[in-house]
Amino acid sequence: MHNVSHEIRYKMYDTSAELEIQDRELLEAAVAATDTAYAPYSGFHVGAAVLLETGEVVQGSNQENAAYPSGLCAERVALFAAASQHPETTIKAVAITACFHDTDELLSVSPCGDCRQVMAEYEHRYQSPIRMILTAGGGKVMVIDDAKTLLPLMFNADNLKR
Ligand code: THU
């Protein structure tokens, strides 16, 4: 037996003004997408913006349902829209933010396990890391170089090989 540990590395910015221009613009697109959330049950509006290698940005927001599990997170709304509209185009980055419906304060948000799995799938599909830009509360922004960092020991297509 031996012990194994994993370390997670990411960058923390004190304000979005410190971000690279491309990341800042992508985060602004995610903020704008919170306006399109359909979240009558939680009141928690999530916005996501996916950057493609062509420079095109695809936005998404959470879509809730009275049958709760039928709803979908903002990240997967945006990722599935991007991958279905542009199946041959590599996904380069995803920005994610959230706010309660009655305030503009950007909250700390981190993709759920299912969304991490979907991002990791597209990293595998396009053989390219997906940078994640996440609001971290108090105006701070977290940047993570790839989705697999948030999903150690993931299940992927390699597990299905005989
Ligand atoms: N939600 C997202 O859209 N993305 C996340 O990363 C976390 C949670 C949504 C799902 C649901 O509509 C609401 O936020 C509360 O969980």
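This is a short tour of a predicted model, moving from the ligand and its surroundings out to some loops and a few distances across the chain.

**Stop 1: the ligand**

Start by selecting the ligand and showing what lies around it. Twelve names are worth labelling here: Ser-42, Phe-44, Val-46, Asn-62, Glu-64, Cys-73, Ala-74, Glu-75, Val-109, Ser-110, Pro-111 and Cys-112 surround the ligand. Try colouring these residues by type: seven are nonpolar, three are polar and two are charged. If you can display pockets, turn that on too, since the ligand takes up the space of the largest pocket.

Now switch on the cartoon. Which elements each supply at least two residues of the shell around the ligand? They are strand 2, running over 44–52, and helix 2, running over 74–85.

**Stop 2: polar atoms beside the ligand**

Zoom in on the oxygen atoms of the ligand and select three residues in turn.

- Glu-75: a polar atom of the side chain is 2.5 Å from a ligand oxygen.
- Ala-74: here the polar atom belongs to the backbone, and the distance to an oxygen of the ligand is 2.9 Å.
- Asn-62: look to the side chain again, where a polar atom sits 3.0 Å from a ligand oxygen.

With these in view, show the surface of the protein. On its own the ligand has 370 Å² of accessible area, and the protein covers 74% of that.

**Stop 3: two residues of the shell**

Keep Asn-62 selected and follow the chain on either side. Asn-62 belongs to the loop that links strand 3 (57–61) with helix 2. Is Asn-62 buried or exposed? Its relative accessible area is 6%, so Asn-62 counts as buried. For a sense of scale, draw a line from the C-alpha of Asn-62 to that of Arg-125: the two are 63 residues apart along the chain, and the line spans 24 Å.

Next select Val-46, which you will find in strand 2. Val-46 is buried as well, at 8% relative accessible area. Another line to draw runs from Val-46 to Ser-84, 38 residues apart in the chain, with 21 Å between their C-alpha atoms.

**Stop 4: the loop between helix 3 and strand 5**

Move to the loop that follows helix 3 (113–126) and leads to strand 5 (131–137), and select Gln-127. What is the phi of Gln-127? It is positive, about 50°, although this residue is not a glycine. Most residues other than glycine have a negative phi. Gln-127 is exposed, with 65% relative accessible area.

Ser-128 is in this loop between helix 3 and strand 5 too. Ser-128 has a relative accessible area of 10%, so it is buried. Show side chains and look for Lys-92: a polar contact of 3.4 Å connects its side chain with that of Ser-128. You can also draw a line from Ser-128 to Ala-83; they are 45 residues apart in sequence, and their C-alpha atoms are 14 Å apart in space.

**Stop 5: after strand 6**

Select Leu-153, in the segment that comes after strand 6 (140–144). Leu-153 is not a glycine, yet its phi is positive, at about 60°. Turn the surface on again: Leu-153 counts as exposed, with 74% relative accessibility.

**Stop 6: an early loop**

Finish at Ser-16, in the loop between strand 1 (11–13) and helix 1 (21–33). How much relative accessible area does Ser-16 have? The value is 29%, which means that Ser-16 is partly exposed. Your last line goes from Ser-16 to Leu-134: the pair is 118 residues apart in sequence, and 10 Å apart in space from C-alpha to C-alpha.

Notes. Residues are numbered from 1 along each chain as its sequence is written. This is a predicted model: local features need pLDDT of at least 70, side-chain atom pairs count only at pLDDT 80 or more; totals for chains, interfaces and linings use all residues. Side-chain values use heavy atoms; hydrogens and water are left out. A residue is near a molecule or strand if one of its heavy atoms lies within 4 Å of it. A polar contact is a pair of N or O atoms within 3.5 Å; within protein, one must be able to donate a hydrogen and the other to accept it, and residues adjacent in sequence count only if both atoms are side-chain atoms. Accessible areas come from the Shrake-Rupley method with a 1.4 Å probe; for residues, only the protein chains shown count as cover. On a 1 Å grid over the protein atoms alone, a cavity is a set of points where a 1.4 Å probe fits but cannot get out, and a pocket is an open set with protein on both sides within 12 Å along at least five of seven lines; lining residues have an atom within 4 Å of a point. A molecule sits in a cavity or pocket if more than half of its atoms lie within 2 Å of its grid points. Helices (H or I, at least four residues) and strands (E, at least two) are DSSP runs, numbered from the N terminus. Ala, Val, Leu, Ile, Met, Phe, Trp, Tyr, Cys and Pro count as nonpolar, Asp, Glu, Lys and Arg as charged, and the others, Gly among them, as polar. Buried means under 20% relative accessible area, exposed over 50%, partly exposed in between (1.4 Å probe, protein chains only).
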